[in-house]
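Work through the exercises below with the sequence and the structure open. Try each task before reading its solution.

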There are 2 protein chains.
Amino acid sequence: MSNDTKTGQTSVIRDLLPEPTLQRLPWYLAYVCQLRAQGVENVSSTQISKHLNVDSSQIAKDLSFLNIRGKTRIGYDVVELENTLKDFLEFERQHPAVIIGVGSLGAALIQDSGLTRYGLNIVAGFDIDPDKIGAHMSDRIPVYHIEAMQKTVSRLGAKIGIITVPPDQAQAAADAAVNAGVKALWNFSPLRLRARQGIVIQDTSIYSHLALMYNRLEQQKRNEN
Amino acid sequence: MSNDTKTGQTSVIRDLLPEPTLQRLPWYLAYVCQLRAQGVENVSSTQISKHLNVDSSQIAKDLSFLNIRGKTRIGYDVVELENTLKDFLEFERQHPAVIIGVGSLGAALIQDSGLTRYGLNIVAGFDIDPDKIGAHMSDRIPVYHIEAMQKTVSRLGAKIGIITVPPDQAQAAADAAVNAGVKALWNFSPLRLRARQGIVIQDTSIYSHLALMYNRLEQQKRNEN
């Protein structure tokens, strides 16, 4: 893979990058994409700060990890900032992925053009539903039986397995994906997954987020009474 | 709303509950739901710990916030634990919500029966696409023009606005939803949203999660070389 040719400098920076910084970078990217579309040429950390409600010194610090510095009284070059962020976040690369469970959420992720724009290339789906196997999602993503995962994942070079099966099947799906050779699990199930050391697990537990939101709503309501 | 009748005791506990605890509770719930479906009657914190890879003393501490204690050598009663978690997390209540932007992700969330099971009741969608307005998503959720939000949100009593519009429209969609009376914004856009004090904002930034996952994959690959 072309990723292997990645050279030292950026790698060193990557290791040092704190996770909160990494989570903020896509916010900056989304904002500078807007500015570029509007034809804006420069943006100051103060402007970004006002727009995103992040402390401007924090923004300067975050961006300094990427060796980007703004010019006094001018700020950052919008196009340069966008390109650097896109490159750093690897959204411009193709990350081949398979999706296990093409129910409503799985099917939606396949259709979400946003993911494609952010570098996720879903190359196949897996399911156990005979009505789905053999079909194509969005007219282009083939759906295979989950038992075909082993040969399909290696053939397609998929490194990411997206887990969108029901909770009681999530661990088995994850095990099958790891055995088939994926290196990262993107877990949409509410279940905590286990995997051998070296496998990256990224939880996007939308149900946990619901619980947080309900809880804060309740607190807020009491504060107002 | 029936939520208003919520009494003191649980409220006090809620305020004290640390956010990491709150995020783990849905994991416990997903696991005990499985156990209950399998007919298991009791579960120890050690078993939960092994299954979810969370320290068993942490589990006991988390559950003590809910006034649940296991019995020596028996553990927790599975049905009681499930009911208490469900009640506490408010997944059994109906939380009326509207969705702003019924593109691929918005449409998927409407179809995701998981959200319904976790108490999210999507009562209407909003869009600006004439082909979508007037139609029903999943044969039951009406889609209105975004300009109808003011009267529709109050009529339906929606307290949550789900933001699934493209990034450059996210802030305007959020402003419209707050003006129409929602108290919480569930933000799926990669943009950081602003809202007046008292409005709950829950980010589910799946694109940030992608960046984290790509980054960890890259680190892992280097560790293995």
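**Exercise 1: a salt bridge between chains**

Arg93(A) and Glu218(B) form a salt bridge whose closest N and O atoms are 3.8 Å apart. The model is predicted: local features need pLDDT of at least 70, side-chain atom pairs count only at pLDDT 80 or more, and totals for chains, interfaces and linings use all residues. Residues are numbered from 1 along each chain as its sequence is written, chains are lettered from A and ligands numbered from 1 in the order in which they are written, and side-chain values use heavy atoms, with hydrogens and water left out.

Task: state how many salt bridges the structure holds over all chains, and where Arg93(A) and Glu218(B) lie.

Solution.
1. A salt bridge is a side-chain nitrogen of Lys or Arg within 4 Å of a carboxyl oxygen of Asp or Glu. Over all chains, the structure holds 13 of them.
2. Arg93(A) is in the loop between helix H5 (78-88) and strand E3 (95-100) of chain A, while Glu218(B) is in helix H10 (residues 206-224) of chain B, and the pair crosses between chains. Helices (H or I, at least four residues) and strands (E, at least two) are DSSP runs, numbered from the N terminus.
3. Arg93(A) and Glu218(B) are both buried. Buried means under 20% relative accessible area, exposed over 50%, and partly exposed in between (1.4 Å probe, protein chains only).

**Exercise 2: two salt bridges within chain B**

Task: decide whether Arg24(B) is buried or exposed, and whether Lys86(B) is buried or partly exposed.

Solution.
1. Arg24(B) forms a salt bridge with Asp62(B), with the closest N and O atoms 2.6 Å apart. This pair links distant parts of the chain, 38 residues apart: Arg24(B) is in helix H2 (residues 19-37) and Asp62(B) in helix H4 (residues 56-64) of chain B.
2. Arg24(B) has 14% relative accessibility, so it counts as buried. Asp62(B) is buried as well, at 0%.
3. Lys86(B) forms a salt bridge with Glu82(B), the closest N and O atoms being 3.3 Å apart. Both lie in helix H5 (residues 78-89) of chain B, four residues apart, about one turn of the helix.
4. Lys86(B) has 21% relative accessibility and therefore counts as partly exposed. Glu82(B), at 3%, counts as buried.

**Exercise 3: the interface**

Task: describe how chain A and chain B meet, and how chain A can be laid on chain B.

Solution.
1. In the interface, 72 residues of chain A are in contact (heavy atoms within 4.5 Å) with 71 residues of chain B.
2. The two chains bury about 7000 Å² between them, 61% of it on carbon and sulfur atoms. Buried area is the accessible area (1.4 Å probe) that two parts lose on being put together, summed over both.
3. The rule finds four salt bridges across this interface.
4. A turn of 180 degrees and a shift of 0.0 Å along the axis lay chain A on chain B with an RMSD of 0.0 Å. The superposition is by least squares on the C-alpha atoms of residues with pLDDT of at least 70 in both copies.
5. The copies are thus related as by a two-fold rotation axis.

**Exercise 4: one helix**

Task: which residues of helix H8 (residues 149-156) of chain B are buried?

Solution.
1. Met149(B), Thr152(B) and Val153(B) are buried in H8(B).
2. Seen down the axis of H8(B), the buried residues fall within an arc of 95 degrees (taken from the directions from the helix axis to the C-beta atoms), so they line one face of the helix.
3. The face turned away from the buried side carries the exposed residues Lys151(B), Ser154(B) and Arg155(B).
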